[in-house]
Amino acid sequence: MRGLMQNHPLLISQFIEHGGTVFGNVEVVSQTVEGPIHRYTWSDVRARSRQLANALTAQGVGLGDRIATIAWTNHRHLEAYYGIAGIGAVCHTINPRLYADDLVYVLNHAEDRFVMLDLTFVPLIEAIAERLESVEGFIIMTDQEHMPSNQLPNTVCYEEFIAARAADYEWPRFDENTAANLCYTSGTTGKPKGVLYSHRSTVLHAYASCMPGNIVGGRGQCMLAVVPMFHANGWGIPYSAPMTGSKLVMPGQKLDGESLTKLMRDEGVTTTCGVPTVWLGLLDYWKEHDTSVPTVKQVGIGGAAPARSMIEEFERDFGIEILHGWGMTEMNPLGTIHTLSASERATLSPDDQLDALTTQGAPVFGVEIKVVDEDGATLPNDGKSCGELMVRGPWVCERYFKDETSAIDDEGWFGTGDIALIGEGMSMQITDRAKDVIKSGGEWISSIDLENAAMGHPDVAHAAVIGVPDEKWSERPLLIVVPAVGTEPTKEDILGCLADKVAKWWLPDDVVFEEELPVSGTGKVQKIKLREKYAPVEVKKAAG
Ligand code: AMP
């Protein structure tokens, strides 16, 4: 027997209609690329998103068309989130730190029809424009006054594009499983892979993300969206803010300690989220200037493991509650979160509380997790058995964009490539990574590309790259080299050889020499052994 309730689709346009009507006067503030702070309300965001929807529709953009954005976290990007997905098109957010070749790859693979870009990225896109196969035009996200002269074909200024369009628009109603956003991840080997979120996955994720204990917004709250909008839908904050009536502050590209402190102070920020590297800069600034921002009550840290000392400083020195989240692009992105419950705060010693917060926490409602051994057998949640972390739920990827094969097993589990253990209360701790990549400052570095580049040196017989803990960047690459027989290469020789083959920020911080690398029965380098030697992880007591 079916239930007799309305089968109303869950659609992204509902966020902005809700925010615009119920919280119409609540402010949305952004640091613009042009310089000044821009200030308006959720009602204005709604009006301008509808104008964009009308403008895109007039260009013939409709259901399923992909529109790329290459932009910082700012008000026009927010309007793009709503204007594009709201009409049933797909908002393809692009990470501007991708290599030129990968940028070309993702734009062509996605078959984007238009590219909406911030002023900052005009030169980046000019350099690759000729190689783009599907793009019909470029919308530069600025006003007429700041419109640059440029080499891009068929450009229009965003403000002009939407100016003459009506602020009335009836958002179409369609199946909630329709694609809404496309985000490529480089967190695996090979070419970037497209994760195609649906309206349903995005709305359900937003509900879960702002439940008590998670990234809570609400009336009277002010959320600072430090995590970029090109990182997995900005962790859902652009949606949960209008959903809950939060004021939203968007910092643009200025994520240094001084700029964030000023914005937090000027706008009365209460809650914020970002990667550890950004928080390190903020804490350094606060300590150096003997300052802090007392309105900030909650800081979410995710994307990489935060150091215990970072959690300690926020919690003890500044009285700020830490939310430690784990997730991935493939999960819209939130998977687990650790916030201390009232009973943990009452019963655990201060040190045990900090230990607990270094672990990645329990799944949010909607996500299931388990760990499996190398044969895929489920391991006990005993706080000590480590295996690959598997996840399933309504906002977990089923397959990558344009991929023929499914990314999940017969029972719907998706392998995360993270190694973890699960303890009491399903509290999870990441202990290692099976996927062969390094995450530095929240961005991926391919160890395989680095190894291949190193092996291009005539004196290198074998090379392996692993990530080692780094206070500022979370991880940095370490290159381990077995010299060719009869040679004695130096660190400088090898780094010099890599310099013109990889991005500067990918260059290993150090090179160490070994007589041989540990190899498994199948001939694969056992990186786990190298990590045990060079980057040991301390396994915490599983926190409940
Ligand atoms: P991304 O798809 O770029 O969001 O990266 C997801 C990956 O980042 C995960 O699979 C983990 O390897 C890593 N990651 C995310 N959050 C954490 C965390 N809190 N602790 C440790 N690793 C994390």
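# Exercises on a predicted model

Of the 16 residues around the ligand, the nearest are His324, Gly325, Thr329, Asp418 and Lys435. Keep in mind while you work that this is a predicted model.

## Exercise 1: The surroundings of the ligand

Task: Describe the shell around the ligand, then find side chains with polar atoms close to ligand atoms, and state how much of the ligand the protein covers.

Solution:

Step 1. Sort the shell by class: it has 5 nonpolar, 7 polar and 4 charged residues.

Step 2. Look for the element that gives the most to this shell. That is strand β14, residues 321-327, with 4 residues.

Step 3. Turn to individual atoms. In the side chain of Gln360, an N or O atom is 2.9 Å from a nitrogen atom of the ligand. For Trp444, a polar side-chain atom lies 3.1 Å from a ligand oxygen atom. The side chain of Arg433 has an N or O atom 3.3 Å from an oxygen atom of the ligand.

Step 4. Finish with the cover: on its own the ligand has 500 Å² of accessible area, and the protein covers 92% of that.

## Exercise 2: A cis peptide bond

Task: Which residue is joined to Pro333 by a cis peptide bond, and where does Pro333 sit?

Solution:

Step 1. Check omega for the bond between Asn332 and Pro333: the angle is about 10°, and the bond is cis.

Step 2. Place Pro333 along the chain: the residue belongs to the loop between β14 and β15, the latter being residues 334-338.

## Exercise 3: Lys247 and its strand

Task: Is Lys247 buried or exposed, and which side chains does its own side chain contact?

Solution:

Step 1. Locate Lys247: this residue is in strand β11, residues 247-250.

Step 2. Compare its accessibility with the cut-off for buried, which is under 20%. Lys247 has a relative accessibility of 14%, so this lysine counts as buried.

Step 3. Follow the side chain. Lys247 makes a polar contact of 2.9 Å with the side chain of Glu267, and another of 3.5 Å with the side chain of Glu27.

Step 4. See which way the residues of β11 point. Lys247 and Val249 face one way, Leu248 and Met250 face the other way, and all are buried.

Step 5. Find the partners of β11. Strand β1 (residues 27-31) pairs with β11 in the parallel sense over 3 bridges, with Val28 opposite Leu248. Strand β10 (residues 222-225) also pairs with β11 in the parallel sense, over 3 bridges, and here Leu224 stands opposite Val249.

## Exercise 4: A helix inside the structure

Task: How many residues of helix α8 are buried, and which residue follows the helix?

Solution:

Step 1. Go through residues 237-244. Ile237, Pro238, Tyr239, Ser240, Ala241, Pro242, Met243 and Thr244 are buried.

Step 2. Draw the conclusion: 8 of the 8 residues of α8 are buried, so the helix is largely enclosed by the rest of the structure.

Step 3. Move on past the helix to Gly245, which has a positive phi near 85°.

## Exercise 5: Two positive phi angles

Task: Asn233 and Lys402 are not glycines, yet each has a positive phi. Where is each found, and how accessible is each?

Solution:

Step 1. Start with Asn233, whose phi is about 55°. Asn233 is in the loop between β10 and α8. Its relative accessible area is 1%, so Asn233 is buried.

Step 2. Continue with Lys402, whose phi is about 65°. Lys402 is in the loop between β18 (387-392) and β19 (414-422). With a relative accessible area of 41%, Lys402 is partly exposed.

## Exercise 6: An open sheet

Task: Give the strand order of the open sheet of 3 strands, and name its edge strands.

Solution:

Step 1. Read off the order, which is β23-β24-β25, with mixed pairing.

Step 2. Look for strands that pair on one side only: these edge strands are β23 (460-470) and β25 (510-513).

Step 3. Add the twist, which averages 30° from one strand to the next.

Step 4. Inspect one pair. Strand β24 (residues 474-483) and β25 run parallel and are joined by 4 bridges. In this pairing, Leu478 stands opposite Asp510 of β25.

Notes: Residues numbered from 1 in each chain as written. Predicted model: local features only at pLDDT ≥ 70, side-chain atom pairs only at ≥ 80, totals over all residues. Heavy atoms only, no water. Buried < 20%, exposed > 50% of the residue type's maximum accessible area, 1.4 Å probe, protein only. Near = heavy atom within 4 Å. Polar contact = N/O pair within 3.5 Å; in protein donor to acceptor, adjacent residues only side chain to side chain. Areas by Shrake-Rupley, 256 points an atom, 1.4 Å probe, with all protein chains shown as cover. Nonpolar A, V, L, I, M, F, W, Y, C, P; charged D, E, K, R; others polar. Pairing = 2+ DSSP bridges. Axes fitted to C-alpha atoms, helices over the stretch in contact; angles between N-to-C directions.
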